[in-house]
Every structure is written in structure tokens, then in C-alpha cells.
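Q: Please take a close look at one helix in this model and describe how it packs against its neighbours. Some context on the rest of the chain would also help.

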Amino acid sequence: MHDELDILLKLSTCLVAALVGGFITQRLGLSPIVGYLVAGVAVGPQTPGFVADTASAAQFAEIGIILLMFGVGLHFNLDDLFAVRRVALPGSLGQVVAGTLLGSIVTVAAGWNWSAGVVMGIAVSVASTVVLTRVLDDNGVLASEQGHVAVGWLIVQDVVTVLVLVMVPALASALRPGNAEATILPSLIVSLVKIAVLVFIVLWGGKKALPRLLEHVARTRTRELFTLAVLAVALSVATLSAWLFGVSMALGAFLAGMVVGQSAVSHQAAADALPMRDAFAVLFFVSVGMLFDPMTTWRNAPLVVGLLAVIHVANPLVAFCLAWWLRSSPRTALTVAVGIAQIGEFSFILAALAEEHALLPAEAPGLLVACSIAAISLNPLLFRRIQPLEAWLRRQPRLWRLLSERCESRLRGTLPPSTTSPPDGADRPRALVVGYGPVGQTACSILRDCGVD
């Protein structure tokens with residue numbers, strides 16, 4: 001009985017600390033995720049005072065990972081990605097490759113091996129969709145053109161990270177000293193075959209069974225039964241995927257979310273899954289914060305500074321240049337660049353899995369926590385500087401002409417000639433936009449970028 005109370009005491013302490021930390025950071029205009037991470041640092045074993053049960057927190061965090069990935073699958077929409085594919089697909093892939101290369105160089109220069117360098121490079125090149133959507137929503141641009149491109153950019157990153165999570169066990173097996181005679185290619189082929197079988201079973205077989213199951217439960221009009229069914233689907237598919245196919249539970253949860261997301265009850269499933277996901281995701285971020293070790297971070301200060309340079313300087317610059325080259329407007333390029341200047345849940349999931357398979361040293365997750373706290377704290381502040389920066393760029397005629405000419409050339413190829421040429425007797429064309437909803441805001445943004453008053 002005492003042990004049970006001890007676990008409940010430590011769990012409630014984690015939740016209270018997360019509540020306090022999240023409330024304070026929210027009042028400061030920062031992301032609550034920063035508060036959850038700091039709460040984990042406060043109750044972790046590396047700081048004085050109360051120490052929470054890290055083993056119990058890690059187990060609850062596993063549920064948080066499953067529900068996070070299930071939620072990603074629920075909201076994964078190929079139509080949204082297809083709409084911005086021209087910019088998001090090549091731009092995101094190019095930025096991830098460049099970020100991974102730079103992160104690997106920084107890590108190897110700090111004395112780590114190349115396998116650890118590549119994993120850390122990937123971890124600092126993918127941003128948090130949760131943080132991005134929150135910042136976009138807070139600034140009123142989530143439904144705008146630049147918001148759609150930024151979200152599509154991170155959807156591509158999410159897919160890349162899911163594929164990397166799948167490859168980690170195979171790479172670890174091939175690089176294990178006892179398997180020196182083995183090569184990476186056979187291990188990857190075996191893993192890809194397992195993944196293909198799993199995807200076929202879940203997406204084809206599950207598409208026939210899971211939606212019907214949820215629809216039958218929904219007809220009972222019993223809220224708790226439907227919530228229980230959603231939770232059972234997410235956890236069972238994730239655990240069976242890991243048990244039968246040896247893949248990460250995150251992939252199984254993602255596939256289950258994709259199947260449920262295409263059903264007639266997807267909106268109700270999302271509404272019921274979100275509160276559970278948020279509650280367990282808080283414990284996930286708290287458990288990640290427990291990994292932070294101030295002394296280890298101090299000893300690896302040059303590496304942390306180098307990784308932050310990749311997150312805050314290299315990734316945004318690469319993203320801005322790629323978005324500009326792909327003929328996005330300067331405002332869209334700035335939004336994408338600033339939006340990805342942070343790391344979050346996928347970086348932690350990747351680091352935890354890589355450490356479990358001995359691809360990363362034990363201090364790696366703690367260093368990522370330090371980078372994440374700094375990056376997520378600064379991201380909302382940087383986002384508020386987009387409009388002043390754009391206004392400054394507009395006051396530099398040559399520079400603004402250089403930045404906007406590719407976007408204007410793209411629009412000239414898609415708009416009728418009469419809309420791109422000024423009327424007779426007028427210095428600049430003018431337009432009147434009636435209504436300022438998502439479509440009106442996007443129309444105004446495009447018109448301004450084309451020099452229309």
C-alpha cells in the first residue's frame with residue numbers, strides 16, 4: 001500500500017509541477033512545453049529537492065508517445081500536403097538533409113562517432129509540429145498561405161522522422177560489434193519487408209475492420225465506450241506492431257491514426273483522443289526534462305552552442321533560401337524559416353530510441369533538452385519580429401525586388417494578364433478585398449507581395 005501511495009505521490013507531483021511550469025511560461029508568452037520541460041528538470045534526479053520516480057514517468061511517457069503519434073496520424077492529410085507540395089516537399093527534404101549534415105559535422109567535431117553524429121544531426125533538423133501550430137495560431141496566420149506552407153513543411157519532416165524511427169533498430173543491429181560480418185543493407189531490407197507487411201495489414205486490413213468497430217461503438221451513443229475504443233485501438237496496434245514486427249510503437253500508432261483518420265468517425269475520435277494525448281504528452285515532456293543534467297551540459301557547452309547554431313541559424317537560413325528559390329513570397333519564406341527554428345517531441349523520441357539501441361551516448365537526450373528549452377523559449381519572440389523584418393526589407397528597394405521577383409514571376413504565369421498590369425493612368429494597381437477571413441487574408445498577402453495597393 002505504501003508503494004502504491006508513493007507512486008501516486010510522485011505522479012501527482014509531476015503533474016502539479018507541470019501545471020505550475022506551464023502556467024508561468026504561458027503567462028510569459030512562451031510555449032507551455034518549456035514549462036513542462038523545466039518542471040521535469042525541477043523534479044529530476046540531477047537537481048536538489050524532491051526527486052520523482054523516473055521509471056514510472058518513463059512508462060507513462062511511452063503512452064504519451066503512442067498517443068502523440070496516433071494524433072499525428074489522425075491529422076495527417078495527403079490532400080493538405082499535396083496542395084503545398086511544390087514548396088513543402090523539396091524544401092523540407094533539402095533542409096533536413098542540410099541540417100543533418102551540419103549537425104553531424106558539429107557533433108563529430110566534438111569527438112562523437114559518425115553514427116551518433118548523424119542521429120543528432122537528424123534530431124536538430126526536424127522541428128515540432130505542436131510548437132509551430134501553436135505559434136502560427138497565436139499570431140493569426142495558421143489559416144493563411146504561409147501557415148499552410150509551414151505546416152506542410154513540417155508534415156514532410158514528420159514523415160521523414162517516422163521513416164528514420166523505423167530504420168534505427170536495423171542500423172543498430174548492423175553496426176553492433178558482434179555483427180561485424182553483417183552489412184547494413186541486408187538488415188535494412190529485412191526491416192523494410194517487415195514494415196511493408198505491417199503497413200499492408202494495418203492500412204488494408206485495418207481500413208476494413210477498425211472504422212467499422214468504431215462506428216458500431218459510436219452507435220451506442222455512450223461517450224466513455226467510444227473513448228475507450230479509441231484508446232484501445234491506439235495502444236493495441238502500437239504494442240502489437242512492436243511485438244510481432246519488431247518496429248517502434250510510434251510507427252504502429254501513426255498507422256492506426258491514419259486508418260482512423262479516414263473513417264466517418266475521425267472527428268469524434270480526434271476530439272476524444274486529444275485530451276488523453278495532451279495529459280500523457282505532458283508526462284512525456286516532464287520525463288524528458290528529467291534527463292537534463294546541468295553539469296553534463298556545462299561540460300559539453302561547445303557542442304550545445306554548435307547545435308543551437310544549427311537550430312537557430314543554419315536551418316532557418318537554408319529554409320529561407322529554399323523557399324525563396326521555390327518561388328515563395330518573402331513573407332512565406334520568413335514564416336517557414338522562423339517556424340522551424342526549434343526542436344520538440346520527435347527529436348526526443350528519436351534520441352530515446354537511438355540511446356536504447358546504443359547509437360547515442362547517455363548524455364545525448366539531456367543535451368537535446370537544453371537545446372529544446374532555449375529554442376522553444378526564443379521561437380515565439382522571433383516570430384513576433386517577422387513583420388518588422390519584412391517592413392525593413394520593403395524599405396530596401398533593391399533587396400526587396402530581388403526577394404520578390406521570383407514569386408511575382410510565378411504569379412504572372414498563373415494570373416490573367418489584366419490582373420498583373422496596372423490600369424491606364426495609375427501609378428500602381430489597386431484592389432478592394434471584401435471580407436477578411438482566411439481567404440481574404442491570403443488574397444491581401446498575395447496582392448501586397450505583388451505591389452498591389
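A: What follows is an account of helix α17 and its helix partners, set within the chain and followed by some other sites.

The model is predicted. Its protein chain has 21 helices and zero strands. Of its 453 residues, 49% count as buried. The accessible surface of the chain is about 21900 Å², and carbon and sulfur atoms contribute 67% of that area. Among contacts in the chain with a separation of 6 or more, 77% join residues that are 24 or more positions apart.

Helix α17 covers residues 364-383, and one of its partners is helix α16, residues 345-356. The two pack at an angle of about 170 degrees, and their axes lie 10 Å apart. Angles over 145 degrees count as roughly antiparallel, and α16 and α17 are therefore roughly antiparallel to each other. On the α16 side the contact is made by Ser347, Phe348, Ala351 and Glu355, while α17 supplies Pro365, Leu368, Val369 and Ser372. By class, this contact holds five nonpolar, two polar and one charged residues.

Helix α2, residues 32-43, also packs against α17, here at an angle of about 150 degrees and with the axes 9 Å apart. The pair α2 and α17 is therefore roughly antiparallel as well. The crossing of α2 past α17 is left-handed. Ile33, Val34, Leu37 and Val41 of α2 make the contact with Ser372, Ile373, Ile376 and Ser377 of α17. This set divides into six nonpolar, two polar and no charged residues. Ser372 of α17 is thus named in the contact with α16 and again in the contact with α2. The spacing of contact residues along a helix can be read against its geometry: an α-helix has 3.6 residues a turn, so residues three or four places apart point the same way.

A third partner is helix α7, residues 129-138, whose axis comes within 10 Å of that of α17 and crosses it at roughly 30 degrees. That angle makes α7 roughly parallel to α17. The crossing of α7 and α17 is right-handed. From α7, Val131, Val135 and Leu136 meet Ile376, Asn379, Pro380 and Phe383 of α17. The contact comprises six nonpolar, one polar and no charged residues. Ile376 of α17 takes part in the contact with α2 and also in the one with α7.

Turning to other parts of the chain, helix α6, residues 114-123, is mostly covered, with seven of its 10 residues buried. The buried residues of α6 are Ala116, Gly117, Val119, Met120, Gly121, Ile122 and Ala123.

Two single residues complete the account. Glutamate 390 lies in helix α18, residues 386-394. Its relative accessibility is 3%, so glutamate 390 counts as buried. Beyond its neighbours within four places in sequence, glutamate 390 is in contact with Arg331, Leu334, Trp400 and Asp449.

Valine 166 is found in helix α8, residues 145-175. Valine 166 has 7% relative accessibility and therefore counts as buried. With neighbours within four places in sequence left aside, valine 166 is in contact with Ile195 and Leu251. The C-alpha atom of valine 166 is separated by 9.7 Å from that of methionine 249, a residue 83 residues apart from valine 166 along the chain.

Terms used:
Residues numbered from 1 in each chain as written. Predicted model: local features only at pLDDT ≥ 70, side-chain atom pairs only at ≥ 80, totals over all residues. Heavy atoms only, no water. Axes fitted to C-alpha atoms, helices over the stretch in contact; angles between N-to-C directions. Helix = DSSP H or I, 4+ residues; strand = E, 2+ residues; numbered from the N terminus. Parallel < 35°, antiparallel > 145°, perpendicular 65-115°, else oblique. Contact = heavy atoms within 4.5 Å. Nonpolar A, V, L, I, M, F, W, Y, C, P; charged D, E, K, R; others polar. Buried < 20%, exposed > 50% of the residue type's maximum accessible area, 1.4 Å probe, protein only. Areas by Shrake-Rupley, 256 points an atom, 1.4 Å probe, with all protein chains shown as cover. Left-handed = near helix turned anticlockwise from the far one by under 90°.
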